[in-house]
Amino acid sequence: MKPYIAALLLALGGVFGAIVNSELAAQGRSNGTTRLLKKDLEGCQGKEVAISVLDAGPGTSGYHHHPGESFTYILEGAQTREARGEATTTATSGGFIYDGPMQIHRTENTARVKLLIVRVLDKDKPSTIRAE
């Protein structure tokens, strides 16, 4: 094989690999979650509060909803939120994101992001449900 053909094939392979890698990264992101507290809410029968820190790599959460209210404080980085029927917004370090109950949305970040998440949920129910 001629050297210029080998170089061309190598370059095309690199471009293809970069495209495939970015597509895969956009489909999901690596997460590390530390639960800080999960406690019944006094005076609110059947409700609990869950507080956690989420450390997420680049990518997207995919469309999902929370059965209860979700309050997110951006500790580090930036996160873009897209909710059906609303304008897309980006919150940066020190900013907040609010998700109402059953509100279908997704989040995306291009670099690592660290979040403090407080959710008020029905007791013993999942905090996140994937949307179809």
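The exercises below concern the largest pocket and the salt bridges of a predicted model.

The model is predicted, local features require pLDDT of at least 70, side-chain atom pairs count only at pLDDT 80 or more, and totals for chains, interfaces and linings use all residues. Residues are numbered from 1 along each chain as its sequence is written, and side-chain values use heavy atoms, with hydrogens and water left out.

**Exercise 1.** State what volume the largest pocket has and which elements line it.

*Solution.* Step 1: a pocket is an open set of points on a 1 Å grid over the protein atoms alone, where a 1.4 Å probe fits, with protein on both sides within 12 Å along at least five of seven lines; lining residues have an atom within 4 Å of a point. Its volume is the space filled by probe spheres set on the points, and for the largest pocket this is about 550 Å³.

Step 2: the lining comprises 32 residues, and those closest to the centre are Leu54, His66, Ile117, Arg119 and Thr128.

Step 3: strands are DSSP runs (E, at least two residues) numbered from the N terminus. Two or more lining residues come from each of β1 (31–40), β2 (47–56), β5 (69–76), β8 (96–99), β9 (105–109) and β10 (113–122). The most come from β2, which gives five.

Step 4: sorted by class, the lining holds eight nonpolar, 15 polar and nine charged residues. Here Asp, Glu, Lys and Arg count as charged, Ala, Val, Leu, Ile, Met, Phe, Trp, Tyr, Cys and Pro as nonpolar, and the others, Gly among them, as polar.

**Exercise 2.** Determine which parts of the chain the salt bridge between Arg112 and Asp55 ties together.

*Solution.* Step 1: a salt bridge is a side-chain nitrogen of Lys or Arg within 4 Å of a carboxyl oxygen of Asp or Glu; the count by this rule is eight.

Step 2: Arg112 and Asp55 satisfy the rule, with an N to O distance of 3.1 Å. Because Arg112 lies in the loop between β9 and β10 and Asp55 in strand β2, the pair ties together parts that are 57 residues apart in sequence.

Step 3: relative accessible area (1.4 Å probe, protein chains only) under 20% means buried, over 50% exposed, and in between partly exposed. Arg112 is partly exposed at 48%, and Asp55 is partly exposed at 30%.

**Exercise 3.** Decide whether Arg81 is buried or exposed, and identify the network it joins.

*Solution.* Step 1: Arg81 forms a salt bridge with Glu86, their closest N and O atoms being 3.1 Å apart.

Step 2: Glu86 is partly exposed at 41% relative accessibility, whereas Arg81 is buried at 5%.

Step 3: salt bridges with shared partners join Arg81, Glu86 and Asp99 into one network.

Terms used. Helices (H or I, at least four residues) and strands (E, at least two) are DSSP runs, numbered from the N terminus.
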